[in-house]
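Me: I should like to work through this structure by question and answer. Please reason briefly each time and finish on the value or name requested.

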Amino acid sequence: MSGVAHCATRLRIVLKDNSLADLKKLENVDLVKGAFVAGDQIQLIFGPGLVNDVYEVFSKYVGIADMTLNELKQESAKKANPIQAVIKSLSDVFVAIIPAILAAALLMGITGVLSNYPIVKENETLYAINRLASLASTGIFAILPMVVCYSAVKRYGGNPVLGMVVGAIMLDSSLANAYSAASGTVHVEVIHLFGLPIEMVGFQGGILVAFMIGLVC
């Protein structure tokens, strides 16, 4: 056994070889409400409160105590091959922000449909509510590079506040908007650093660049 920890409802175990565990037998253990493998961990569902008592006894029995969930995840990550490790690393960065993106996209669709109804256009209160909801739905996309940079820096062990600062620099209002620059509707300032030309353009929508900067930070 490589590690053991618990969350609010589940006992999480990392084995050197998951094939050694018989999930069907584990499901039949008294008080176990379910057993499955997730994130290369054997997870046993006990429920709130009970899992704490089970963990206290089990961790002493196997001689692995006071291991945090983060340490357990790092232990399970050691078992992954290089491709799995890269995929897991990327998912850790983006999985935290996906709910916000999905919620914003759903809200954007709803407000877009409602804005076509005459009753919403003609009623001041309904129009105001729909307009504010629309504003809320586009907020995450306006600062998406900052959010990605923040999440990446946090995932790779840096100071997430630094990620926010770097992301803010990428979206600074003094830089030409990336979409406007691409369409040629705005003048792009060019500066030279040691003879190297640098276009002063923001990174609106530059998710990959934000990720790479977050990785470096």
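Me: Which residues of α11 are met by residues of α8?
Reply: This is a predicted model, and the contact between these helices can be listed from both sides. From α8, the participants are Leu 144, Pro 145, Val 148, Cys 149, Ala 152 and Val 153. Their counterparts in α11 are Ile 207, Ala 210, Phe 211, Ile 213, Gly 214 and Leu 215.

Me: Are the axes of α8 and α11 roughly parallel or roughly antiparallel?
Reply: Helix α8 spans residues 144-155 and helix α11 spans residues 207-216. Their axes come within 8 Å and cross at roughly 30°. Angles under 35 degrees count as roughly parallel. Therefore α8 and α11 are classed as roughly parallel.

Me: Is the crossing of α8 and α11 left-handed or right-handed?
Reply: The angle of roughly 30° gives the size of the crossing. Its handedness is a separate assignment, and for α8 and α11 the crossing is right-handed.

Me: What is the order of the strands in the open sheet of four strands?
Reply: The pairing in this sheet is antiparallel. The edge strands are β1 and β3, each of which pairs on one side only. Neighbouring strands are turned by 20° against each other on average, direction ignored. The order is β1-β2-β4-β3.

Me: Which residue in β4 is the bridge partner of Leu 11?
Reply: Strands β2 and β4 pair in the antiparallel sense over four bridges. Beyond residues up to four places away in sequence, one of the β4 residues touches Thr 9, Arg 10, Leu 11, Ile 13, Leu 26, Gly 34 and Ala 35. The bridge partner of Leu 11 is that residue, Leu 44.

Me: What angle does the direction of α2 make with that of β1?
Reply: Helix α2 packs on the sheet and touches β1 and β2. The direction of α2 makes an angle with that of β1 of about 165°.

Me: Which element supplies the largest share of the largest nonpolar core?
Reply: This core has 16 residues, of which Val 4, Leu 11, Ile 13, Ile 42, Leu 44, Phe 46 and Leu 72 touch the most other members. At least two residues each come from β1, β2, β4 and α2. The largest share, three residues, comes from β2.

Me: How many residues does the second, separate core have?
Reply: Its members include Ile 97, Ala 104, Ile 140 and Ala 210. Ala 210 also appears among the α11 residues that meet α8. The size of this second core is 13 residues.

Me: Is Gln 41 buried or exposed?
Reply: Gln 41 is found in strand β4, residues 41-45. Leaving aside residues up to four places away in sequence, Gln 41 touches Arg 12, Ile 13, Val 14, Phe 36, Leu 72, Lys 73 and Ser 76. Its relative accessibility is 4%, and because the cut-off for burial is under 20%, Gln 41 counts as buried.

Me: Which residue in the hairpin of β5 and β6 takes a positive phi?
Reply: Strand β5, residues 190-193, and strand β6, residues 196-199, pair in the antiparallel sense over four bridges. Leu 193 has Leu 196 as its bridge partner, while Val 190 stands opposite Glu 199. Two residues lie between the strands, and the one with a positive phi near 55° is Phe 194.

Me: What is the relative accessibility of Phe 194?
Reply: Most residues other than glycine have a negative phi. Phe 194 is not a glycine, yet its phi is positive. The place of Phe 194 is in the loop between β5 and β6. Phe 194 counts as exposed because its relative accessibility is 85%.

Me: What is the phi of Leu 31?
Reply: Leu 31 lies in the loop between α1 and β3. With a relative accessible area of 57%, Leu 31 is exposed. Leu 31 has a positive phi in a residue other than glycine, and the value is near 80°.

Me: What separates the C-alpha atoms of Gly 63 and Phe 211?
Reply: Gly 63 is found in the loop between α2 and α3, and counts as exposed at 62% relative accessibility. Phe 211 belongs to α11, among the residues that meet α8. The two residues are 148 residues apart along the chain, and their C-alpha atoms are separated by 39 Å.

Note on methods:
Residues are numbered from 1 along each chain as its sequence is written. This is a predicted model: local features need pLDDT of at least 70, side-chain atom pairs count only at pLDDT 80 or more; totals for chains, interfaces and linings use all residues. Side-chain values use heavy atoms; hydrogens and water are left out. Buried means under 20% relative accessible area, exposed over 50%, partly exposed in between (1.4 Å probe, protein chains only). Contact means heavy atoms within 4.5 Å. A nonpolar core is a set of buried Ala, Val, Leu, Ile, Met, Phe, Trp, Tyr and Cys residues joined through side-chain atoms within 4.5 Å. Two strands pair if DSSP finds at least two bridges between them. Axes are lines fitted to C-alpha atoms, for helices over the stretch in contact, and angles run from 0 to 180 degrees between N-to-C directions. Angles under 35 degrees count as roughly parallel, over 145 as roughly antiparallel, 65 to 115 as roughly perpendicular and the rest as oblique. A crossing is left-handed if the near helix is turned anticlockwise from the far one by less than a right angle, and right-handed if clockwise.
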